[in-house]
Amino acid sequence: MAPGYKVFFSELDNPQHYAELKESIKAGKITDAKETVSERSKLLYPEYLVSATPADSNAYNNQTNPDGAKNDKGHLGDPEFKSLFNKDHKKFDLSPNLGTEIDGIQLSELDDQGKNDLALFLETRGLAIFRNQDFRDKGPEFAVNFGKYFGPLHIHPVAYSTEKHPELFVTFRKAGDGSRYNEQFRHTTSTIAWHSDVSFEEYPSSFSIFVALEAPESGGDTLFLDGREAYKRLSAPMQKFLEGLTVIHSNYGQNKFAALRNQVARIKADYFTEHPLVRTHPVTGEKSLFFSRLFVQKVKGLKQTESDAILNFLEDHVNNNPEIQVRAAHKGTDSRSVILWDNRILMHSHCNDFLQHETTARHHFRVTCIGEKPYLDNSESSSNEKPQAY
């Protein structure tokens, strides 16, 4: 019999483990929402660390984008990206197939056609890291308006944010030293959590824009993997089999952990959302495996042991293959990095490799654009003539 598939956060249903976590939070070994008050004055950008208040409780609704596939800005992009790369710049490809580091282009200066080109670039290269950006100094309103060009913006149910701009998702790990290490790895050997942003939503994310406010000089990077290549590596019969499967995604565990940390929920809902395991990109026509490990619960309609066997295979195939992965280095606060990616074809994870060392805070905000409802198109498509970045 196949080993059971472990759903993320399922340990919270264990009363003993839950009690231990609660005690660690009480003792200050694990932070809770109070850190948004105690740590804010220590930050370079304190306005980007706000937790929801009781007045925000259940005050928002989830977002939809029914015309997302038709209105994707990548349809308007120039395959030669002339309006994106319109001045002297340097580019370095993280791998031949995935990810490019760029210096010399200011995202804040792009006109509409430049943004269209950016969308298409992300849809072909998957990932772009822009260095030496002024994005973080433009303020929250600029970030919101920049993101809205690509579609509606997601409001996260439980994440930190900014005042007056709940669309900005804030990630924060306070400055510290090696004492953080033992508590972080007390119950696990790894904190890697591959996912596509907010895949538990009916309309998950298209693009994410991840802006570094403060970052360790080394480590704390973001890891990425290519769902297109994961699909291509499979045999034709396996591709056909997986194309017939629907997977259930949920934020139930994430909400439970947030409640344990005293985070107020802007949207009080545990979603159990069905998405195809293989999805089609609306612009390129490419297929990719949509295996968002952090949120995937079960394969719909299968017996538990059948579902476990398939999901365990996918975890090994998709998550554990360095040949389809790259590492996006933040390179410290002074690199002023902005990382953008297409969630429809990539999965990503944080990397807690810096906790044995004394570091600054790891503080970012994310603009999360809402895309189309995932779908699979098995018709003879134009994917054979899909646009290429190079």
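Is K331 buried, partly exposed or exposed? I looked this one up before anything else, and K331 comes out partly exposed, with a relative accessible area of 44%. Worth jotting down at the top: this is a predicted model.

**Entry: two lysines with positive phi**

I stayed with K331 and checked its backbone. Its phi is near 60°, which is a positive value in a residue other than glycine. K331 is found in the loop between β13 (325-328) and β14 (338-342).

I then went to K164, where phi is near 70°, again positive in a residue other than glycine. I flagged both angles because most residues other than glycine have a negative phi. K164 is placed in the loop between β4 (160-162) and β5 (165-173). How much of K164 is accessible? Its relative accessible area is 78%, so I put K164 down as exposed.

**Entry: aromatic rings**

Next I went through the rings. I get 17 aromatic pairs in the count. One of them is F200 with Y271, a stacked pair at 6.3 Å centre to centre with 10° between the planes. I call the pair stacked because planes under 30 degrees apart count that way, and this angle is 10°.

Where do the two partners sit along the chain? F200 is in the loop between α6 (180-184) and β6 (205-214), while Y271 is in the loop between α9 (252-260) and β9 (272-276). That puts them 71 residues apart, so this pair links distant parts of the chain. I also checked accessibility: F200 and Y271 are both buried.

I found a cluster too, with F135, F142, F146, Y149, F150 and F207 linked through ring pairs. Two of these rings have a charge over them. K73 lies over the face of Y149, 4.5 Å from the ring centre. At F207 the partner is R344, whose charged end sits over the ring, 5.2 Å from its centre.

**Entry: two glutamines**

Q254 was my next stop, since F200 turns up again in its contacts. Setting aside residues up to four places away in sequence, Q254 touches F9, H156, F200 and F295. With H156 there is a polar contact as well, side chain to side chain, at 3.4 Å. Q254 has its place in helix α9. Buried or exposed? Q254 is buried, because its relative accessible area is 18% and the cut-off for buried is under 20%. I also took one long-range distance: the C-alpha atoms of Q254 and L355 are separated by 22 Å, the two residues being 101 apart along the chain.

Q239 was the other glutamine I opened. It lies in helix α8 (residues 236-243). I have Q239 as buried because its relative accessibility is 16%. What does its side chain reach? The side chain of Q239 gets to the backbone oxygen of Y231, at 2.9 Å. Y231 is also among the residues that Q239 touches, together with K232 and L234, if residues up to four places away in sequence are not counted.

**Entry: the β9-β8-β12 sheet**

I traced the strand order here and got β9-β8-β12, three strands in an open sheet with antiparallel pairing. Which strands are at the edges? They are β9 and β12 (296-299), each of which pairs on one side only. From one strand to the next, the twist averages 30°.

I looked at one of the pairings in detail. Strand β8 (residues 246-250) runs antiparallel to β9, and five bridges join them. For H249 I looked up the bridge partner in β9 and found T273.

**Entry: β1, β2 and β3**

Last stop, the strands with the lower numbers. Strand β1 (residues 90-93) pairs with strand β2 (residues 100-103) in the antiparallel sense, over four bridges. In that pairing, K91 has I102 as its bridge partner in β2. There are six residues between the strands of this hairpin, and G99 takes a positive phi near 85° in it.

Parallel or antiparallel for β2 and β3? The answer is parallel: three bridges join β2 to strand β3 (residues 127-130). I noted one bridge there, with A128 in β3 as the partner of T100.

Technical notes: Residues are numbered from 1 along each chain as its sequence is written. This is a predicted model: local features need pLDDT of at least 70, side-chain atom pairs count only at pLDDT 80 or more; totals for chains, interfaces and linings use all residues. Side-chain values use heavy atoms; hydrogens and water are left out. Rings of Phe, Tyr and Trp (its six-membered ring) pair if their centres lie within 6.5 Å; planes under 30 degrees apart count as stacked, over 60 as edge-to-face and the rest as tilted. Buried means under 20% relative accessible area, exposed over 50%, partly exposed in between (1.4 Å probe, protein chains only). A charge sits over a ring if NZ of Lys or CZ of Arg is within 6 Å of the ring centre and within 35 degrees of the ring normal. A polar contact is a pair of N or O atoms within 3.5 Å; within protein, one must be able to donate a hydrogen and the other to accept it, and residues adjacent in sequence count only if both atoms are side-chain atoms. Contact means heavy atoms within 4.5 Å. Two strands pair if DSSP finds at least two bridges between them. Axes are lines fitted to C-alpha atoms, for helices over the stretch in contact, and angles run from 0 to 180 degrees between N-to-C directions.
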